[in-house]
Amino acid sequence: MLLRTKRKASTFPFSKNQNQNQNQNISVSDFPFNIINQSPNSHNHRLSTLNMDTNRISRRTEILSNHLRHDPPTATTLLQHNACLCYSPPELSESNHVTFDTTEMRKLLDGHNLEDRDWLFGLMIQSRLFNRREIDGRVFVSPDYNQSMEQQREMTMKRISYLLDRGVFRGWLTGDGPREELRKLALHEVIGMYDHSLAVKLGVHIFLWGGAVKFLGTKRHHDKWLRATENYELKGCFAMSELGHGSNVRGIETITTYDPNTGQFVINTPCESAQKYWIGGAANHATHTIVFSQLNINGSNQGVHAFIAQIRDSDGNICPNIRIAECGHKIGLNGVDNGRIWFDNVRIPRENLLNSVADVSPSGEYLSAIKNADQRFGAFLAPLTSGRVTIAVSSVYISKISLAIAIRYALTRRAFSITPNGPEVLLLDYPSHQQRLLPLLAKIYAMSFASIELKMMYVNRTPESNKAIHIVSSAYKATFTWNNMRTLQECREACGGQGVKTENRIGQFKGEFDVHSTFEGDNNVLMQQISKALLAEYIACQTKNKPFKGLGLEHMNKPLPVIPSKLTSSTIKSSEFQIDLFHLRERDLLKRFAEEVSEHQSNGNSKEYAFILSYQLAEDLGRAFSERAILKTFIEAESALPAGSLKDVLSLLRSLYALISVDEDAAFLRYGYLSTENASAVRKEVPKLCAELRPHALALVNSFGIPDAFLSPMAYNWVESNSWSTAQH
């Protein structure tokens, strides 16, 4: 029966469209309750209407109750998977493409301490402290980023205690020799693959605080502090950066004076910009710090020196005349308690000067065997070298994780079909998707070999090699960390919405590792330092008419490489052509850079300002130096292998690394190292190489040796990990 009535929006639950008209024909069944009954025709009709309304009331009551209880609705039918969304492990379809031994490849990529790495992987995977969880029958571990900043910091300290009790840090400071150092580096790399906060917290305590005591101190400092540091009997931090000075360490404003009457140094923060800033460990946990400060002796500034100061007692109380404040919540690394420190005429014993470089006698006489102030300053920055080494290598391993996840996903996720009603295509079978991920994979292989070389340089260092280590570590730190951020972004996008989920790691890594670009030196500043060092080497060799030696610059002593006027595919893929092209770029840019700086000086500019004005060439040269060094290391690693499948696939990766580097650098066209035709020929080889590497993609990421637990659900059965059954848990 129909009823004509006026709309009462506050009474009746009509849809928006139904309410468009003031006068509507409304069925009695549209009412939620049988408050109007205009049907006198039959008793049965009235009973039917009453039952219908009663059922509707019961159903509404049930829905409201479920909402209030937050219970999920009950599925009435079993969801059926469409065939194109059925997950199939990539191993089933890709196993016939494995042509090389992935175990042997892992040995090449990790380089050292594989058993130690696997032991630590196991320790972390088996402990609930590492947020162990099971998804679709597979175990995963990663930090819980839903925790508050305070909770993350607490968990960082609990995990350190767990690792300490199991001997992970044995010999990290008290051990000597390359073998002990390589073990420390390997285990630190594994820790960083789990949690950046945990790795940085350890890095500050062991590598920076402990490294400063070891490298800048002498026996009295070693005996007192090293074992206590390794055993966590004290907690150290490293107070170098200030609010007003980060990269410009020489300009820090903290002042330390010597009082000969008491035999004490007095540390003071003279102004707000001199507060120590971003000091990891300072906000909550550190009991001691290395203070970098200008040393003032009898009114004369002797430059930056390093001192030990206690900032908290053993109960965690802040010491007198010291103020400490929080730096605040960060875009990542919230498991590290970054803090700010002010010193109000804090007195410390004379013995707390780290005196391997310079000392002060009881009477106040300044003593140093290094008379040159610049060389002294360089010596005080030595602890930063270990930081740059670990940051560079860490970036490579994080890129490995993200590529392993993204490539595994691309081998199981399908999108679009290329024929009507045809099956959807695997992401990695699209040439465009191959070119998104496989050149990045080639770069990580290249950087893996370069990182091993860097570590070997570091653990076998001598006083004579310190300069080279500083330059190479600066170049790799900048290059690897920039590449890591680009890799993370590309992998995140290549995984679509799944890449946004925190549990899948890649998106979270972006916030966690962005800081690497400015950690231990801003990348742009480091690149300019590299060019400055190369310029000094160039001028010295030209002035003294001596050959180049070291830093890989020996190619400067040879005739200028000649690039063929027309390139063939075989020439482009030859290592001889590739290294010649990189040599040509580096030596030409160095010559241009020297000439431009000289020209600016001849126009009346100081040497320093002339260098600043030439920043574009400086950046080009820094990139050329780094990429040439990486390629050289790759070629050497490849050449050391016997003929076979392992060498063959590395040859493809090496070519892809070299050619994508050429394609991405406008300098090759800008300065005429390649004609437009030859540049186009190089570019056309990139997709061909990607297609050749496509069958090896799974084996190449499996060769990283990363446990399943350190990847993410997206890398495996991403359909099941997002299923309705998992949502109910």
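Two rings of Phe, Tyr or Trp count as an aromatic pair if their centres lie within 6.5 Å. The structure used in these exercises is a predicted model.

**Exercise 1. Find how many aromatic pairs the structure holds, and classify the pairs Phe 140–Tyr 716 and Phe 668–Tyr 673.**

Step 1. Searching the whole structure gives 23 aromatic pairs.

Step 2. For Phe 140 and Tyr 716, the ring centres are 6.2 Å apart and the planes make an angle of 45°. Planes under 30 degrees apart count as stacked and planes over 60 as edge-to-face, with the rest called tilted. The pair of Phe 140 and Tyr 716 is therefore tilted, at 45°.

Step 3. Place the two residues in the chain. Phe 140 belongs to strand β4 (residues 138-140), whereas Tyr 716 lies in the loop between α22 (697-702) and α23 (724-727). With their positions 576 residues apart, the pair links distant parts of the chain. Phe 140 and Tyr 716 are both buried.

Step 4. For Phe 668 and Tyr 673, the centre-to-centre distance is 6.0 Å and the angle between the planes is 80°. This pair is edge-to-face, because 80° is over the cut-off of 60 degrees. Both Phe 668 and Tyr 673 are buried.

Step 5. Ring pairs also join into a cluster, made up of Phe 121, Phe 130, Tyr 162, Tyr 194 and Phe 710.

**Exercise 2. Identify the charged residue that sits over the ring of Tyr 716, and the residue that lies over the face of Phe 377.**

Step 1. Return to Tyr 716, the partner of Phe 140. The charged end of Arg 138 is placed over the Tyr 716 ring, 4.1 Å from its centre.

Step 2. At Phe 377, the residue over the ring face is Arg 250, and the distance to the ring centre is 4.3 Å.

**Exercise 3. Describe the largest cavity and its lining.**

Step 1. There are 5 cavities of 30 Å³ or more. The largest encloses about 90 Å³.

Step 2. Its lining includes Met 157, Ile 160, Lys 201, Val 204, His 205 and Gly 236. By class, the lining has 5 nonpolar, 5 polar and 2 charged residues.

Step 3. Helices α5 (149-165) and α7 (196-216) each give at least two lining residues. The largest share, 3 residues, is from α7.

Step 4. Follow Gly 236 out of the lining and into strand β5 (residues 236-239). Gly 236 and Phe 238 point one way from this strand, while Cys 237 and Ala 239 point the other way; all are buried. Strand β5 pairs with β9 (residues 288-297) in the parallel sense over 4 bridges. The bridge partner of Gly 236 in β9 is His 288.

**Exercise 4. Do the same for the second largest cavity.**

Step 1. The volume of the second largest cavity is about 70 Å³.

Step 2. Among its lining residues are Trp 172, Glu 181, Lys 184, Phe 207, Ser 386 and Tyr 458. The classes are 6 nonpolar, 2 polar and 3 charged.

Step 3. At least two lining residues come from each of α6 (178-194) and α7. Helix α7 contributes the most, with 5 residues.

**Exercise 5. Is Asp 116 buried, partly exposed or exposed?**

Step 1. Asp 116 is found in helix α4 (residues 114-125).

Step 2. Its relative accessible area is 24%. Buried requires under 20% and exposed over 50%, so Asp 116 is partly exposed.

Step 3. Asp 116 and Arg 183 stand 67 residues apart in sequence, with a C-alpha to C-alpha distance of 7.2 Å.

Notes: Residues numbered from 1 in each chain as written. Predicted model: local features only at pLDDT ≥ 70, side-chain atom pairs only at ≥ 80, totals over all residues. Heavy atoms only, no water. 1 Å grid on protein atoms, 1.4 Å probe; cavity = no way out; pocket = protein on both sides within 12 Å on 5 of 7 lines; lining within 4 Å. Points joined across faces, edges and corners; volume = space filled by probe spheres on them. Nonpolar A, V, L, I, M, F, W, Y, C, P; charged D, E, K, R; others polar. Buried < 20%, exposed > 50% of the residue type's maximum accessible area, 1.4 Å probe, protein only. Lys NZ or Arg CZ within 6 Å of the ring centre and 35° of its normal. Pairing = 2+ DSSP bridges.
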